[in-house]
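Dear colleague,

Please find below the structure that I am handing over to you. A short account of the findings follows it.

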Amino acid sequence: MALLQIAEPGASPLPHQTRHAIGIDLGTTNSLVASVRSGIAHVMNDVEGRALVPSVVRYMEDGSVLVGYDALKAIAKDPKNTVASVKRLMGRGYSDIEHRENLPLDLVDVPGMVSVKTRQGVKTPVEVSAEILRVLNDRAQQTLKQDIVGAVITVPAYFDDAQRQATKDAARLAGLNVLRLLNEPTAAAVAYGLDNSAEGVYAVYDLGGGTFDISILRLTRGVFEVLATGGDSALGGDDFDRRIYCWVLDQAKLKSPPTVEDTALLLLRAREAKEYLSTHPEAPITARLASGEIVDLTLDMATFAEISQTLVSKTLQPVKKTLRDAGLRVAEVQGVVMVGGATRIPLIQRAVGEFFKQEPLNNLDPDKVVALGAAIQANLLAGNRAPGEDWLLLDVIPLSLGLETMGGLVEKVIPRNSTLPVARAQEFTTYRDGQTAMMIHVVQGERELVDDCRSLARFELRGIPPMVAGAARIRVTFQVDADGLLSVTASEQTTGVEAHVEVKPSYGLSDDQITGMLKASVDNARDDAQTRALKETQVDAQRLIEAVRSALVEDRHLLNDAEYQLIESGIVKLQTASLSGNRRQMTIAMDDLDADCKDFAGRRMNQAVNRALSGKSIESVEATIEQLHQPKMVKESK
Amino acid sequence: MSITMTEAAAKHVGKALTQRGKGIGLRLGVRTAGCSGMAYKLEYVDELNPDDLVFESSGVKIVIDPKSLAYLDGTELDFTREGLNEGFKFNNPNVKDECGCGESFHV
């Protein structure tokens with residue numbers, strides 16, 4: 001018979017209708033899976049009662065794959081086929097990986113993402129992560145005895161789109177339906193129920209085995225925004241073990257140098273002593289070394305504090321910097337959440353408490369807090385909401401969305417990493433006098449030129465009343481719903497004519513493409529900025545020429561022949577400069593032409609004012625004045 | 001007329017209530033639903049209804065409405081572990097038949 005769980009008042013599910021969703025903390029060193037049962041989040045243990053799954057995957061000779069503790073055991077024995085810390089490779093290119101020579105793995109430079117050569121062939125980090133996720137998924141299915149509707153997987157707040165996308169793909173490969181990716185600090189805050197508390201700023205201090213992360217979050221209307229992140233990718237609990245190990249060597253004054261086995265043993269004893277000191281005033285350290293020498297020492301709290309003081313203060317440097325990046329003072333932080341096993345060290349608790357001038361939140365297990373938060377979020381997303389609980393919408397768009405403006409340039413309307421759902425509007429205008437139609441070309445990407453971005457859709461807005469170039473006001477609204485579906489609406493403000501298109505922004509974009517696009521945007525940032533500046537100047541030049549030409553057609557009579565010739569030659573000069581692609585020459589030619597036209601423009605203005613005063617055409621005056629505040633122009637559709 | 005709870009169930013409910021931070025007890029009930037006609041209800045209790053009956057077992061309050069009691073009289077609530085899975089089980093003497101999954105039953 002099925003085993004039942006306790007529901008919230010009035011929320012008992014119908015038989016066979018319990019919707020189970022899980023939360024996964026896919027960590028660098030360890031991973032966990034949790035779910036909400038009887039209204040309370042629990043981490044799921046294996047048959048031996050262990051919650052953690054070491055994030056280690058070993059590819060065996062017989063084609064099987066070991067994950068977790070079994071794989072961890074072989075890490076020294078079979079380093080080339082045992083992949084640890086694969087998270088550091090997710091969504092990265094070969095050249096992004098620092099200290100490649102220190103990794104025991106055979107890394108392969110595959111386009112898109114760095115991969116690992118094992119005896120079972122070349123494995124991408126996505127495939128390796130999928131093995132870990134598969135084990136977590138199996139454990140969840142065995143525990144819940146039911147189908148799992150989906151999973152929330154946590155990622156570090158600083159993960160870029162390629163890394164997030166890679167994580168999503170790993171989940172898909174493992175047969176998991178990803179309900180959402182959630183930032184790790186956000187998950188920790190959710191576990192403490194901070195999402196239901198008052199709006200405010202929270203700090204999440206995450207000291208894991210080998211990495212330190214600090215994140216500053218702001219909660220507004222149930223959505224956590226990551227204000228700033230910082231940390232040290234080579235600082236963690238292991239460093240405290242090493243400090244104790246060094247102290248032991250120093251105190252024991254060994255006659256013969258320690259062997260590799262001695263080092264491993266002493267590091268283990270150091271770790272045990274560290275953990276013992278979290279609840280006791282002093283810890284014994286005893287070990288029998290290979291040489292037969294006996295180590296018998298007692299480490300007290302004060303000594304431990306002394307030898308690890310520099311490590312503790314080393315974590316506070318990034319904390320200060322991150323707060324500064326977020327533009328906040330210590331007093332503005334409403335709560336501090338502790339994550340990671342190393343935050344159990346009382347010394348750290350105290351230092352963090354003193355720094356933030358408040359007791360940090362630490363009543364949940366710091367190893368499990370991220371997985372618990374993910375489970376709570378997953379439970380909400382699966383629809384198991386207690387009455388009155390609200391949605392949390394924390395997804396972000398992976399790449400900026402924008403449209404094409406004159407000169408093949410991209411004007412970004414929604415920047416990447418905006419939380420969903422989102423709507424942004426911007427005004428655009430016509431490029432040519434009397435332009436009645438406009439081509440809206442929707443693109444996605446971080447680059448400045450349309451050609452380098454991905455084209456999503458094109459549509460046309462017709463029926464714009466004929467006006468002077470730059471006078472029309474076209475409001476273009478980009479809207480992305482919670483599922484990432486984009487709709488774009490363009491409407492002319494005076495007549496209200498409207499056109500509309502719907503697109504799925506991520507459709508058909510493979511990970512390789514996303515990775516490639518992001519990489520290219522970083523690689524080409526400087527070139528792009530220069531090209532953009534050049535193109536913009538060219539557009540300005542063309543606009544000036546168009547404007548002067550049309551003025552000449554209209555008001556030739558205001559000029560004498562010599563003046564006319566001067567302006568004409570100015571146009572030719574600018575035309576040549578524009579074609580040459582030399583921005584400096586263009587700017588000079590534009591300034592010259594501008595100067596040549598100064599008197600002409602003055603006369604035209606007087607004439608317009610005279611007309612206006614005689615009540616003929618006030619619009620043309622307004623149009624002239626309006627042109628002073630130019631929105632970006634969009635080209636005419638053919 | 002009585003409803004009881006095993007030691008294991010009481011311990012687990014007590015722990016769950018503490019972790020949840022509110023609630024006065026556990027509501028047992030039945031409702032018409034499911035493939036065999038009726039389904040169990042197992043919920044936290046924040047407020048009592050006027051006609052609720054309250055039993056106490058191993059220090060935990062069991063709340064039940066009179067209509068449900070007719071179908072649940074003599075039931076013992078147990079908490080068990082099956083492999084990695086754990087949860088509550090109704091040992092209900094009134095049940096004549098239940099669906100394969102045991103989530104719904106028939107008297």
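The largest nonpolar core (a set of buried Ala, Val, Leu, Ile, Met, Phe, Trp, Tyr and Cys residues joined through C-beta atoms within 7 Å) has 110 residues, and Ala151(A) and Ala374(A) have the most contacts inside it. A residue counts as buried if 20 or more other C-beta atoms, placed from the backbone, lie within 10 Å of its own. Helix 9 of chain A (residues 369-381) gives the most to this core, namely 10 residues; helices are DSSP runs of H or I with at least four residues, numbered from the N terminus. Apart from this core lies another, of 28 residues, including Leu401(A) and Phe478(A).

Please note that this is a predicted model: local features need pLDDT of at least 70, side-chain atom pairs count only at pLDDT 80 or more, and totals for chains, interfaces and linings use all residues. Residues are numbered from 1 along each chain as its sequence is written, while chains are lettered from A and ligands numbered from 1 in the order in which they are written.

Of the 638 residues in chain A, 41% are buried. Ala374(A) is in contact (C-beta atoms, placed from the backbone, within 7 Å) with residues including Gly23(A), Val152(A) and Leu182(A).

Helix 7 (residues 301-325) and helix 8 (residues 346-356) of chain A have axes, fitted to C-alpha atoms over the stretch in contact, that come within 10 Å and cross at roughly 40°. The two helices are therefore oblique to each other, that is, neither under 35, over 145 nor 65 to 115 degrees. Val312(A) of helix 7 and Ala351(A) of helix 8 are among the residues making the contact.

Yours sincerely

Notes
Buried ≥ 20, exposed ≤ 12 C-beta atoms within 10 Å, placed from the backbone. Contact = placed C-beta atoms within 7 Å. Axes fitted to C-alpha atoms, helices over the stretch in contact; angles between N-to-C directions. Lists of a residue's contacts leave out its neighbours within four places in sequence.
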